[in-house]
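Dear colleague,

I am handing over the structure below, and after it I have written out what was found, in an order that I hope is easy to follow with the model open beside the text.

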Amino acid sequence: MKLTADLISNSPTYINAIKEFELDLSGSHIALVENLGATRDLYDAINLCNNTVRILGNFPNLQRLQSIYIADNRVSSIERELATHLPQLHTLVLSNNDIAELVDLEPLREFKELQYLSLVNNPVAFKPYTRLWCIWRFSDSLRVLDFERITLAERNEARKLFEIPNGGLSDLAKSILEIESNNAKTFVPGEGLEMEQSDTMDIDKQQSIAALKARIREEMAQVEAMEEFV
């Protein structure tokens, strides 16, 4: 199914558990992100869970958007210039997708407000050093990765692994960037936009995404509540 202006206008909207005004496009057979200009930048959060999106990109300029929930899709690449269109994004839930290489995550470096990121059950999540790499490589604003708070000890460990005393890259960091860049699948706007539209939704995935959405909201609410006492 295409993501049309009609689908957007007829989809549920509500205030979610962390007080965001959310547009719920989950489970809509969407294969390609498009036509989100029809949202008129009215939403704090967009829920794209349980679709068949392969590319995280093609967003218009959405100055208000702070959270994207896009778990249980097929995302394997991220648009290089995505951060320029979503300057306020602080939450990105990419659980249960197909991101394979650390270099595929490089566009996330440009999100200066990113605080919460989930890569749970992506192939890249099972690579050595993934957590420490993300902690080191992304903005210092990142506070929670895969629903676990980032500690100062982890930040220090990441610097030791990937930096040398003069601030340059360690051999390990160079090897990750050089070797894996050959396999990166970073999306360039206009590339690979012909996609299958006929994927059939799996009933089990509908049930699992409901549980995942509940967990995401519960975890985020807990993190926010904890920070009130810090």
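In this predicted model, helices H3 and H4 pack against each other at an angle of about 90 degrees, and their axes are 9 Å apart. That angle makes H3 roughly perpendicular to H4, because angles of 65 to 115 degrees are counted that way. On the H3 side the residues that meet the other helix are Arg131, Leu132, Trp133, Ile135 and Trp136, while on the H4 side they are Glu154, Arg155, Glu157, Ala158, Arg159, Leu161 and Phe162.

It helps to take the two helices one at a time. Of the eight residues of H3, seven are buried, so this helix is largely enclosed by the rest of the structure. The buried residues of H3 are Thr130, Leu132, Trp133, Cys134, Ile135, Trp136 and Arg137.

H4, which runs over residues 152–162, has Glu154, Arg155, Ala158 and Phe162 as buried residues. When you look down the axis of H4, its buried residues fall within an arc of 100 degrees, so they line one face of the helix. Leu152, Ala153 and Lys160, by contrast, are exposed on the other side of H4.

Just beyond this helix, Leu169 has its place in the loop between H4 and H5, and it is partly exposed, with a relative accessible area of 29%. Leaving aside neighbours within four places in sequence, Leu169 is in contact with Trp136, Phe162, Ile164, Lys174 and Leu177. Leu169 and Arg159 are ten residues apart in sequence, and from C-alpha to C-alpha they are 9.6 Å apart in space.

Next comes the nonpolar interior. The largest nonpolar core has 50 residues, and those that touch the most other members are Leu25, Leu56, Phe59, Ile70, Leu86, Leu92 and Leu105. At least two residues of this core are supplied by each of the helices H1 (5–10), H2 (82–85), H3 (130–137), H4 and H5 (171–180). It is H3 that gives the most to this core, with five residues. There is also a second, separate core of six residues, which includes Cys49, Tyr69, Ala71 and Val93. As general background, nonpolar side chains tend to be buried together in soluble globular proteins.

Ile70 is a useful residue to select on your screen: not counting residues up to four places away in sequence, Ile70 touches Leu48, Cys49, Val53, Leu56, Val75, Leu92, Val93, Leu94, Ser95 and Asn97.

Another residue to select is Leu3, whose place is in the segment before H1. Is Leu3 buried or exposed? At 0% relative accessibility, Leu3 counts as buried, because the cut-off for that word is under 20%. With residues up to four places away in sequence again not counted, Leu3 touches Ile8, Leu25, Ile30, Leu32, Val33, Glu34, Asn35 and Leu36. Leu3 and His29 are 26 residues apart in sequence, and their C-alpha atoms are 8.8 Å apart in space.

Some residues in loops also deserve a careful look. Asp41 lies in the loop between strand S2 (21–24) and strand S3 (45–47), and it has a positive phi of about 55 degrees although it is not a glycine. Asn96, in the loop between strand S7 (91–93) and strand S8 (116–118), has a positive phi of about 60 degrees, although it is not a glycine either. Asp41 is partly exposed, with a relative accessible area of 24%, and Asn96 is partly exposed with a relative accessible area of 24%.

Glu101 lies in the loop between S7 and S8, and at 14% relative accessibility Glu101 counts as buried. Glu101 and Ser76, which are 25 residues apart in sequence, are 9.1 Å apart in space from C-alpha to C-alpha.

Finally, here is the chain as a whole. The secondary structure of the protein chain comes to six helices and ten strands, and of its 230 residues 50% count as buried. Among contacts with a separation of 6 or more, residues 24 or more positions apart account for 57%. The accessible surface of the chain comes to about 11100 Å², and 50% of that surface belongs to carbon and sulfur atoms.

With best wishes

Definitions and conventions: Residues are numbered from 1 along each chain as its sequence is written. This is a predicted model: local features need pLDDT of at least 70, side-chain atom pairs count only at pLDDT 80 or more; totals for chains, interfaces and linings use all residues. Side-chain values use heavy atoms; hydrogens and water are left out. Buried means under 20% relative accessible area, exposed over 50%, partly exposed in between (1.4 Å probe, protein chains only). Helices (H or I, at least four residues) and strands (E, at least two) are DSSP runs, numbered from the N terminus. The arc is that of the directions from the helix axis to the C-beta atoms. A nonpolar core is a set of buried Ala, Val, Leu, Ile, Met, Phe, Trp, Tyr and Cys residues joined through side-chain atoms within 4.5 Å. Contact means heavy atoms within 4.5 Å. Accessible areas come from the Shrake-Rupley method with a 1.4 Å probe; for residues, only the protein chains shown count as cover. Axes are lines fitted to C-alpha atoms, for helices over the stretch in contact, and angles run from 0 to 180 degrees between N-to-C directions. Angles under 35 degrees count as roughly parallel, over 145 as roughly antiparallel, 65 to 115 as roughly perpendicular and the rest as oblique.
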